Amino acid sequence: MRRPFAVASFSLAVVLGCGTLPAAAAAPADTGRSATAVNALAAPDVDVTKVRAHLSELSAIAARNGGNRRSTTQGYRDSVAYVKGKLQAAGYTVTEQPCTSGCTSGAGPNLIAEWPQGDANNVYMFGAHLDSVSAGPGMNDNGSGSAALLENALALAQQNPAMRNRVRFAWWTDEEQGLNGSNFYVRSLSSTQRSGIRAYYNFDMVASTNGGYFINRITTSAAAPMKAYWDSLGLQPEENTEGAGRSDDYPFQQAGIPTSGYAMGASARKTSAQAAKWGGTAGSAYDPCYHRSCDTLTNINTTGLNRAADGIAHTLWQQAVS
Ligand code: DPN
Ligand code: ZN
């Protein structure tokens, strides 16, 4: 909903004739249109209402399948079918990768989608786990990352910019039982394929209601565009210490692939210093519904979700668009 990043805001401000705008204060009204007409390098403003619509579909899928989307269930398989259908309609080459070793018995597949443009030897990957725990529908964990990625993939297809590098999206199975889908994927790659992945970006819980703004490996060059976007919003992001080694970036990291990503936090508690800079409740969990039945559509921080979705687009454009 917010016009992303200074370059796009400035260009639009000039075109709209409304003068110089202070950084985050008075962005022009969201027109729903991208800035491509005025600046081919600017990432689009990913529409958070569309991200929320994907979440609503995942919520409905859980509701008609016993209330969850665990990797071994029809709720998970229906989640895969929903994401796959949207991607195929947009022109993606989509692959279901069955997890034939290391996954829980009966777990559904990983879903991999590549945008078939740009240098196939320079791949930027963006991933999120699509399975939930059995306790609930998994809207923040991890409908949020899954939906933010899906809308980014659709926005890329819709914009269809000239590509410098290759973009590949992944929705992982069986994360909740031990990072199993992503681990299987990384082990399925040849060493050449592995070394062609320039960075992997992970999105696990990007809409925590009492959340903070966390970035995995925040000081690395892979993290730079993610950090630059949140810095541009004045968010003062911190290292994702709570999530280190706990999500699907870990198998990539172990394989020597640069990793980063956004997160807003799980069961750890917000400090008073964090509440002072981000708002929210000090001494309470970032996500009070973590792995609980209350991780529903009401357990979504739409502001945080929007900031993550827009920062993914910024990073994707920086890394892979011509
Ligand atoms: N999102 C958590 C899960 O999938 O269960 C893992 C996690 C916990 C990630 C804490 C980050 C921080
Ligand atoms: Zn998760």
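**Exercise 1.** In this predicted model, find the bridge partner of A128 in β4.

*Solution.* Start at A128. Its bridge partner in β4 is W171. Now widen the view to the two strands. β4 covers residues 165-172. It pairs with β3 in the parallel sense, over 8 bridges.

**Exercise 2.** Which strand does β3 join through 5 bridges?

*Solution.* The strand is β5, residues 197-203. β3 and β5 run parallel. For one position along this pairing, take V123: it stands opposite I197 in β5.

**Exercise 3.** Decide whether strand β3 is largely enclosed or not.

*Solution.* Take the strand, residues 119-129. Apply the cut-off: buried means under 20% relative accessible area. Of the 11 residues, 8 are buried. Therefore β3 is largely enclosed by the rest of the structure.

**Exercise 4.** What is the hand of the β-α-β unit that β3, α4 and β4 make?

*Solution.* Name the parts: β3, then helix α4 at residues 139-159, then β4. The unit they make is right-handed.

**Exercise 5.** Describe how the axes of α3 and α4 cross.

*Solution.* Locate α3 at residues 74-89. Its axis and that of α4 come within 10 Å. They cross at roughly 10°. That makes α3 roughly parallel to α4, because angles under 35 degrees count as roughly parallel. The crossing is right-handed.

**Exercise 6.** Which residues of α3 and α4 meet?

*Solution.* On the α3 side, list Y82, V83, K86 and L87. On the α4 side, list L150, A153 and L154.

Notes. Residues are numbered from 1 along each chain as its sequence is written. Chains are lettered from A and ligands numbered from 1 in the order in which they are written. This is a predicted model: local features need pLDDT of at least 70, side-chain atom pairs count only at pLDDT 80 or more; totals for chains, interfaces and linings use all residues. Side-chain values use heavy atoms; hydrogens and water are left out. Buried means under 20% relative accessible area, exposed over 50%, partly exposed in between (1.4 Å probe, protein chains only). Helices (H or I, at least four residues) and strands (E, at least two) are DSSP runs, numbered from the N terminus. Two strands pair if DSSP finds at least two bridges between them. A crossover is right-handed if, with the strands pointing away from the viewer, the path from the first strand over the helix to the second runs clockwise. Axes are lines fitted to C-alpha atoms, for helices over the stretch in contact, and angles run from 0 to 180 degrees between N-to-C directions. Angles under 35 degrees count as roughly parallel, over 145 as roughly antiparallel, 65 to 115 as roughly perpendicular and the rest as oblique. A crossing is left-handed if the near helix is turned anticlockwise from the far one by less than a right angle, and right-handed if clockwise. Contact means heavy atoms within 4.5 Å.
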